[in-house]
Amino acid sequence: MVNTSVGNSVRIKSTFLEAGNNLPTFHREVLDYWQRLRGDRAAPALSEFDLDVLDPETVRFMNITDITPEPLASVYRFWGAGLTQAFGADYTDRSPIEVPPKAIGLSARGGCGRLTHEMAPHCEVKQFETLAGYRGRAVILRLPCSNDGITVANGIGVFKFEHVNPDADLTAFFEEVFGPLDAASLP
């Protein structure tokens, strides 16, 4: 588990887990599909992955990343409409370090690096706490894709956001948590 504090306003607890049988339904369908495509290989090629076979609501909260392993770098190839609504912008063709909260990078710490080194699915659970207490969490399933079976070329991310108030609009979570984080990251 990694704990990160930004100023006095937000604390993020990040935990990486093996993508096992205890996944939420939201993630399960994507992992099962990825495993069928993978077969006996370490990871399927991205060219085999068809977003049209998945639930459209799930695809809204997915991204696909092009990964360069050495030196490690990544750029979003696909950014779902739900992520655009949540983060307030489309980050297609941009790096994860540009995504709020920019002071920490929601996807930049561990995600692509873990995929390239382990070439295995994983889940990251990020819990967000403000001075007012626990505000919610982001559960991110990440899946590797490989063109040659040796090197990770792409990552698939599936996001599930849970606000402490289940009736809150999705953007409320980001305004409440990421707004102060981004303000703290400005020069």
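Helices (H or I, at least four residues) and strands (E, at least two) are DSSP runs, numbered from the N terminus. By that rule the chain has 5 helices and 7 strands. This is a predicted model, in which local features need pLDDT of at least 70 and side-chain atom pairs count only at pLDDT 80 or more, while totals for chains, interfaces and linings use all residues. Residues are numbered from 1 along each chain as its sequence is written, and side-chain values use heavy atoms, with hydrogens and water left out.

**Whole chain**

Colour the chain by secondary structure and follow it along the sequence: the pattern is β-β-α-α-β-β-α-α-β-β-β-α. Buried means under 20% relative accessible area, exposed over 50%, and partly exposed in between (1.4 Å probe, protein chains only). Of the 187 residues, 48% count as buried.

Now colour by pLDDT, the predictor's confidence in each residue, from 0 to 100. The chain mean is 79, and 71% of the residues reach 70 or more. Residues 181-187 have a pLDDT below 50. Another stretch, residues 105-109, stays under 50.

**The core**

Select Phe-49, Leu-54, Met-62, Phe-87, Leu-141 and Ile-156. These residues have the most contacts inside the largest nonpolar core, which has 43 residues. A nonpolar core is a set of buried Ala, Val, Leu, Ile, Met, Phe, Trp, Tyr and Cys residues joined through side-chain atoms within 4.5 Å. Elements that each supply at least two residues of this core include α1 (25-38), β3 (62-68), α3 (81-87) and β7 (154-163). In soluble globular proteins, nonpolar side chains tend to be buried together.

Stay on Leu-141. Contact means heavy atoms within 4.5 Å. Leaving aside neighbours within four places in sequence, Leu-141 is in contact with nine residues you can select in turn, among them Ala-19, Leu-31, Cys-123 and Ile-156.

**Leu-83 in helix α3**

Next, select Leu-83, which is in helix α3. Is Leu-83 buried or exposed? Leu-83 is buried, with a relative accessible area of 0%. Its contacts beyond four places in sequence include Arg-60, Met-62, Phe-159 and Phe-161. Measure from Leu-83 to Arg-60 in the viewer: the C-alpha atoms are separated by 6.7 Å, although the two residues are 23 apart along the chain.

**Strands β3 and β7**

Show β7. Because 8 of its 10 residues are buried, β7 is largely enclosed by the rest of the structure. Two strands pair if DSSP finds at least two bridges between them. Strand β7 pairs with β3 in the antiparallel sense over 5 bridges. To find one bridge, select Asp-66 and its partner in β7, Asn-154.

**Helix α4**

Move to α4 (residues 111-118), where Gly-111, Cys-112, Gly-113, Leu-115 and Thr-116 are buried. Just after this helix, Met-119 takes a positive phi of about 45°.

**Salt bridges**

A salt bridge is a side-chain nitrogen of Lys or Arg within 4 Å of a carboxyl oxygen of Asp or Glu. The structure holds 7 of them.

Select Arg-142 and Glu-124, whose closest N and O atoms are 2.8 Å apart. Arg-142 lies in strand β6 and Glu-124 in strand β5, so the pair ties together parts that are 18 residues apart in sequence. Arg-142 is buried at a relative accessible area of 6%, and Glu-124 is buried at 0%.

Finish with Arg-41 and Glu-48, a salt bridge with its closest N and O atoms 2.8 Å apart. Arg-41 is partly exposed, at 37% relative accessible area, and Glu-48 is partly exposed at 30%.
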